[in-house]
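Trainee: I would like to go through this model with you, starting with the overall fold and then the ligand site.

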Amino acid sequence: MAKLYINENHKKGHINPELYGHFSEHLGRCIYEGLYVGENSVIPNQNGMRTDVVEALKEMKIPVLRWPGGCFADEYHWKDGIGPKEKRKKMINTHWGGVVEDNSFGTHEFFELCEQLGCKTYINGNVGSGTVQEMSEWVEYMTFEGVSPMADLRKANGHEKAWKVDYFGVGNENWGCGGNMTPQFYADNYRRYQTYVRIYDDQKPISKICGGANVADYYWTEEVLKKAFDNVPEQFHGLMDGLSLHYYVHPEGWEIKGSATEFDDAVWYKTLSKALYIEELIEKHGAIMDQYDPEKKIGMIVDEWGGWYTVEPGTNPGFLYQQNTMRDALIAGLSLNIFNQHCDRVKMANIAQMVNVLQSVILTEGEKMVLTPTYHVFHMYRDHQDADLLESYIAGTKEIGKEAEFKVPNLQESVSVSSDGTIHVTLNNLSVSEAEEIELVLTEKSIQKITAGIVTGAINAYNTFEEPNKIQEQTFDQIKITGNKAVFTIPACSVMALHIR
Ligand code: AHR
């Protein structure tokens with residue numbers, strides 16, 4: 001039997017709700033069809049946003065949404081996406097499938113969507129192919145209340161009041177699709193571009209996100225920070241609020257990737273060990289950040305993460321459409337637990353991408369919508385948002401997956417306490433076959449009641465439009481409580497959430 005020790009008296013940090021953030025890109029059927037169907041669609045919508053998707057995302061408690069990319073961001077010219085829709089420029093989305101982008105979803109539509117979702121906004125600006133003026137005018141257009149050319153233009157386009165931009169990304173993957181820059185060149189550009197991301201209203205601060213590294217590119221992190229802080233007087237250290245990190249899990253590597261649904265036990269363990277690697281990345285990039293920012297004022301922003309597989313057979317390779325199995329539920333469960341455990345440094349994370357692309361929480365087909373196993377994990381984990389991380393430890397974990405030459409622990413957890421005193425435990429069983437009995441032990445609190453949910457199934461089980469509820473959250477009530485202890489058995493291949501009163 002494994003023992004899960006929880007010290008309810010030791011709070012280790014605060015879990016920013018944005019750790020549970022999402023990412024929407026003009027890629028495949030994410031924006032068009034997935035989120036936005038237009039006001040005249042037969043699919044039920046409010047101002048063009050599909051009602052079923054918006055309702056599901058609200059229920060999941062989406063805290064923040066990043067837009068418009070990704071690689072698309074560094075080719076996006078925001079003025080193409082404002083004004084009367086019939087007059088908006090059409091362009092080819094060269095990055096993603098070579099389809100026509102008609103710009104019918106632009107700045108106004110993004111804020112409309114976020115208003116409907118009730119979430120914070122994260123806009124990603126264009127450094128790769130855009131000018132400083134273009135970026136500064138976009139910020140002015142969105143956030144300036146007074147009289148100015150851009151504020152006037154916004155008003156002329158029907159939006160009197162300025163919006164709130166919570167986060168602003170100064171470029172995306174500028175080491176690659178965002179301009180193939182060296183870290184030194186990008187850092188100089190970052191310093192310059194961010195200067196003109198003006199904060200017009202102190203009551204509405206914009207957190208500026210500097211473009212960070214891909215996977216284990218520690219050189220990028222080191223060089224960008226070195227240059228960004230070189231000869232900057234202390235009072236200007238606020239030139240950066242966040243530094244991003246991107247990490248995708250490709251079971252077979254970048255070139256081959258591997259099927260989203262057809263894999264064996266060995267690939268399962270390989271994938272999960274790759275998912276767990278994000279912890280090492282956070283720690284090592286975090287250690288470099290500590291040298292420049294020992295007080296951890298700059299957030300690590302994992303604004304692209306998740307499983308990335310070979311596209312579904314018969315679909316446009318440029319659309320990156322993939323299915324989502326119990327393996328994705330575990331990738332989500334493990335990664336979110338790791339983000340919680342590192343909430344002192346990780347301040348936001350955005351899984352890629354929200355609908356119809358990589359590790360999506362929702363898939364759509366015409367008017368049908370399906371919630372993926374990843375959705376159910378985000379839904380189960382939502383109570384961690386804005387809670388305090390608690391100290392926890394599992395004694396008696398086993399190393400599994402050895403036969404596949406990939407060692408992972410069989411159990412992994414994170415624990416938090418919300419302001420009403422409820423303790424939230426999220427626990428993963430990574431084994432393909434072995435259930436595990438657990439004794440949960442609180443330091444001194446006597447347990448009154450536990451409610452719990454579970455997402456479980458065969459390793460490659462998934463939901464389809466014909467069978468949308470094969471994998472879904474189920475109530476779990478096989479728990480025996482005695483004083484400050486509880487005993488239960490977590491089935492193989494499952495993600496669980498327990499709420500302790
Ligand atoms: O998520 C797909 C792409 O992956 C994004 O556009 C880019 O930022 C990353 O390389």
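Mentor: The radius of gyration is taken over C-alpha atoms, and the globule rule is 2.2 Å times the number of residues to the power 0.38. This is a predicted model: local features need pLDDT of at least 70, side-chain atom pairs count only at pLDDT 80 or more, and totals for chains, interfaces and linings use all residues. Residues are numbered from 1 along each chain as its sequence is written, and side-chain values use heavy atoms, with hydrogens and water left out.

Trainee: What radius of gyration does the chain have?

Mentor: The chain has 501 residues, so a compact globule would be expected near 23 Å. The C-alpha atoms fill a box of roughly 65 × 55 × 45 Å along the principal axes. The value for the chain agrees with the rule: 22 Å.

Trainee: Which residue of the ligand shell follows the cis peptide bond that starts at alanine 352?

Mentor: The shell (residues with a heavy atom within 4 Å of the ligand) includes Gly70 and Gln353. The peptide bond from glycine 69 to glycine 70 is cis, with omega near 25°. The bond from alanine 352 is also cis, with omega about -25°, and it leads to glutamine 353.

Trainee: Where does glutamine 353 lie?

Mentor: Strands here are DSSP runs of E with at least two residues, and helices are runs of H or I with at least four, numbered from the N terminus. Glycine 70 is placed in the loop between strand E5 (64-67) and strand E6 (91-93). Glutamine 353 is in the loop between strand E13 (346-351) and strand E14 (362-365).

Trainee: How much of the ligand does the protein bury?

Mentor: Polar side-chain atoms of glutamate 25 and tyrosine 248 each lie 2.8 Å from an oxygen atom of the ligand, and one of asparagine 172 lies 3.1 Å from a ligand oxygen; a polar contact is a pair of N or O atoms within 3.5 Å. Taken alone, the ligand exposes 280 Å² (Shrake-Rupley method, 1.4 Å probe), and the buried share of that is 94%.

Key:
A polar contact is a pair of N or O atoms within 3.5 Å; within protein, one must be able to donate a hydrogen and the other to accept it, and residues adjacent in sequence count only if both atoms are side-chain atoms.
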